[in-house]
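Me: I'd like to go through this model contact by contact, with the reasoning spelled out. Can we take it as a string of short questions?

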Amino acid sequence: EFFEDDFGFVVGTVRDSLTPLDSTSVYFFYNGIYLYDKALTDESGNYQIELPEGEYTIAAERNGYYVLFKDSTYDPFFAELVEIDDGVTTTINFNMKKLNDFTKSISGQVFDSTNNINMDKGIIIVRTGTHVPTPFANDNPTVPDPINAVAGFIKPDGSFTVYTEFENYYYLQAYTDYFLPGYFNDEGVASVFWQNADSILINGN
């Protein structure tokens, strides 16, 4: 629940190494799930926004770059939640990683399987795996290899495109407001369980 007098601020800069990135979208997911708002960086790579107090997952997206979540992860599952407090300004900066290969991608539509209407916002996670999702490294099970998962955002028309530079089999999972997360499968039916999911080979063909 939001209270109109309980707001904080988030400011920051988005860079590619030392180069500021303009026109970068910075998304704010309340409680890590609900897309509440977004900000756009200016010509100096800076952004600022006022948000109701609470916990947020924050991510940056720009054409030609991997989507990056706080804290420097490509996997939203491992994104650090940011606490926004009333009257407090929090600084969140991003250092983006450029895509060098645009030949490998996955695109599609996300829709409500009950009402057959397009979803207009949400997150797509593309994670390596061939039916049994790739396990995390045994030496550090809490931190995934960043290559194992990349993400993208569902556009207002329900479409998405996610790029990966590595040929592999991948699972697709969609998250959107007020719906259970769903996996892609060949039958095109709603599935919340990975056991009913099908992996896709992304190889540039």
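**Rings, charges and backbone**

Reply: Sure. This is a predicted model, and a search of the whole structure turns up nine aromatic pairs.

Me: Take Phe29 and Phe153: what are the ring distance and plane angle, and which class of pair do they give?
Reply: The ring centres of Phe29 and Phe153 sit 5.9 Å apart, with 15 degrees between the planes. Planes under 30 degrees apart count as stacked. So the Phe29 and Phe153 pair is stacked.

Me: How many residues apart in sequence are the parts that this pair ties together?
Reply: Phe29 belongs to strand E3 (residues 25-30), while Phe153 belongs to strand E16 (residues 149-153). The pair therefore ties together parts whose separation in sequence is 124 residues.

Me: Is Phe153 buried or exposed?
Reply: The cut-off for buried is under 20% relative accessible area. Phe29 comes in at 2% and counts as buried. Phe153 has 4% relative accessibility, so Phe153 is buried.

Me: And Tyr171 with Tyr183: stacked or edge-to-face?
Reply: Their centres are 6.4 Å apart and their planes make 80 degrees. Planes over 60 degrees apart fall in the edge-to-face class. That makes the Tyr171 and Tyr183 pair edge-to-face.

Me: Which strands hold Tyr171 and Tyr183?
Reply: Both tyrosines are buried. The pair ties together parts 12 residues apart in sequence, because Tyr171 is in strand E18 (residues 168-175) and Tyr183 is in strand E19 (residues 182-183). The strands are E18 and E19.

Me: Which residues do ring pairs link into a cluster with Phe29?
Reply: Phe29 has the stacked contact with Phe153. Ring pairs link Phe29 into a cluster with Tyr27, Phe69 and Phe153.

Me: On to charges. How many salt bridges does the structure hold?
Reply: One of them joins the side chains of Asp22 and Arg62, at 3.0 Å from N to O. Another joins Lys98 and Asp16, at 3.8 Å. The count for the structure is eight.

Me: How many residues apart are Lys98 and Asp16?
Reply: Lys98 is in the loop between strand E10 (94-95) and strand E11 (105-109), and Asp16 is in strand E1 (residues 7-16). This salt bridge links distant parts of the chain, and the separation is 82 residues.

Me: What about Asp22 and Arg62: how many residues apart are they?
Reply: Asp22 sits in the loop between strand E2 (19-20) and E3, and Arg62 in the loop between E6 and strand E7 (68-69). Asp22 is partly exposed at 31%, and Arg62 is partly exposed at 22%. Their separation along the chain is 40 residues.

Me: Is Asp177 buried or exposed?
Reply: Asp177 forms a salt bridge with Lys121, at 3.2 Å from N to O. Lys121 counts as partly exposed at 27% relative accessibility. Asp177 has a relative accessible area of 8%, and under 20% means buried. So Asp177 is buried.

Me: Which residues make the nonpolar surface patch of about 460 Å²?
Reply: One member is Phe179, found in the loop between E18 and E19. Phe179 is partly exposed, with a relative accessible area of 40%. The patch is made by Ile33, Tyr34, Phe179 and Tyr178.

Me: Which residues gather in the patch of negative charge on the surface?
Reply: Glu53 is one of them, in the loop between strand E5 (46-52) and strand E6 (54-61). Glu53 is partly exposed at 31% relative accessibility. The patch gathers Glu53, Glu55, Glu83, Asp5, Asp85 and Asp86.

Me: Now the backbone. Is the peptide bond from Lys70 to Asp71 cis or trans?
Reply: Most peptide bonds are trans. Asp71 lies in the loop between E7 and strand E8 (82-84), and its side chain is in a salt-bridge network with Lys70 and Glu80. With omega near 20 degrees, the bond from Lys70 to Asp71 is cis.

Me: What value is phi of Ser72 near?
Reply: Most residues other than glycine have a negative phi. Ser72, in the loop between E7 and E8, is exposed with a relative accessible area of 62%. Its phi is positive, near 50 degrees.

How values were computed. Residues are numbered from 1 along each chain as its sequence is written. This is a predicted model: local features need pLDDT of at least 70, side-chain atom pairs count only at pLDDT 80 or more; totals for chains, interfaces and linings use all residues. Side-chain values use heavy atoms; hydrogens and water are left out. Patches are made of residues with over 30% relative accessible area and no salt bridge: like charges are joined within 9 Å, nonpolar side chains (Val, Leu, Ile, Met, Phe, Trp, Tyr) within 5 Å. Accessible areas come from the Shrake-Rupley method with a 1.4 Å probe; for residues, only the protein chains shown count as cover. A salt bridge is a side-chain nitrogen of Lys or Arg within 4 Å of a carboxyl oxygen of Asp or Glu. Lys and Arg count as positive and Asp and Glu as negative; His and the chain ends are not counted. The place of a charge is taken as NZ of Lys, CZ of Arg, CG of Asp or CD of Glu. Helices (H or I, at least four residues) and strands (E, at least two) are DSSP runs, numbered from the N terminus. Buried means under 20% relative accessible area, exposed over 50%, partly exposed in between (1.4 Å probe, protein chains only). Rings of Phe, Tyr and Trp (its six-membered ring) pair if their centres lie within 6.5 Å; planes under 30 degrees apart count as stacked, over 60 as edge-to-face and the rest as tilted.
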